[in-house]
Amino acid sequence: MSALYALGERVVMRDCEWITRRRADLSDDGGYVLTVEGLSELVSGKSARFLIKLEE
């Protein structure tokens, strides 16, 4: 886990709230792949991965 993203941290991606549950790995583009689970009503119970450099 990167120092930039802690387990249990809440993040907002694509207008939905997520919680970091698993990991943040370095990606080939120099950013991170963030693995999260949904908190907002629309994404509740869903898992996702976001490439942080693409989301900026």
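Threonine 35 is in contact, defined as heavy atoms within 4.5 Å, with Thr20, Arg21, Arg22, Arg23, Ala48 and Arg49, when residues up to four places away in sequence are not counted. The coordinates are those of a predicted model, in which local features need pLDDT of at least 70 and side-chain atom pairs count only at pLDDT 80 or more, while totals for chains, interfaces and linings use all residues. Residues are numbered from 1 along each chain as its sequence is written, and side-chain values use heavy atoms, with hydrogens and water left out.

Threonine 35 lies in strand 3, where helices (H or I, at least four residues) and strands (E, at least two) are DSSP runs numbered from the N terminus. Its relative accessibility is 8%, and threonine 35 therefore counts as buried; the classes are buried for under 20% relative accessible area, exposed for over 50% and partly exposed in between, with a 1.4 Å probe and protein chains only. Across the sheet, threonine 35 stands opposite arginine 49 of strand 4, and strand 3, residues 32–38, is joined to strand 4 by 5 bridges in an antiparallel arrangement.

The chain as a whole contains 1 helix and 4 strands, and from the N terminus on these elements run β-β-β-β-α. The radius of gyration, taken over C-alpha atoms, is 11 Å, close to the 10 Å that the globule rule gives for 56 residues, so the chain is as compact as a globular protein of that length; the rule itself is 2.2 Å times the number of residues to the power 0.38. Along its principal axes, the C-alpha trace spans about 30 × 20 × 15 Å. Of the 56 residues, 38% count as buried, and the chain exposes about 4,000 Å², of which carbon and sulfur atoms supply 46%; accessible areas come from the Shrake-Rupley method with a 1.4 Å probe, and for residues only the protein chains shown count as cover. Among contacts between residues at least 6 apart in sequence, 24% join residues at least 24 apart.

The 4 strands form an open sheet in the order 1-2-3-4 with antiparallel pairing, two strands being taken as paired if DSSP finds at least two bridges between them. Strand 1 (10–13) and strand 4 (47–51) are the edge strands, each pairing on one side only. Neighbouring strands of this sheet are turned by 45 degrees against each other on average, direction ignored, with axes obtained as lines fitted to C-alpha atoms, for helices over the stretch in contact, and angles running from 0 to 180 degrees between N-to-C directions. Along strand 4 the side chains alternate, in that Ala48 and Phe50 point to one face and are buried, whereas Ser47, Arg49 and Leu51 point to the other and are not.

The largest nonpolar core, meaning a set of buried Ala, Val, Leu, Ile, Met, Phe, Trp, Tyr and Cys residues joined through side-chain atoms within 4.5 Å, has 13 residues, and those with the most contacts inside it are Met13, Trp18, Leu34 and Val36. Strand 1, strand 2, strand 3 and strand 4 are the elements that give two or more residues to this core. Beyond four places in sequence, tryptophan 18 touches a set of residues that includes Val11, Met13, Val36, Leu39, Val43, Ala48 and Phe50, together with polar or charged partners among which are Glu9, Arg10, Glu37 and Lys46.

Glutamate 37 is likewise found in strand 3, but is partly exposed, with a relative accessible area of 27%. Its contacts, again without residues up to four places away in sequence, are Trp18, Ile19, Arg21, Arg22, Lys46 and Ser47. Glutamate 37 and arginine 10 are 27 residues apart in sequence, and their C-alpha atoms are 9.7 Å apart in space.

Two loops complete the description. In the loop between strand 1 and strand 2 (16–26) lies arginine 14, which has a positive phi of about 55 degrees although it is not a glycine and which, at 61% relative accessibility, counts as exposed. Aspartate 15, in that loop between strand 1 and strand 2, has a positive phi of about 65 degrees, although it is not a glycine either, and counts as exposed at 75% relative accessibility. Serine 27, by contrast, is placed in the loop between strand 2 and strand 3 and counts as buried at 15% relative accessibility; leaving aside neighbours within four places in sequence, serine 27 is in contact with Tyr32, Val33 and Leu51.
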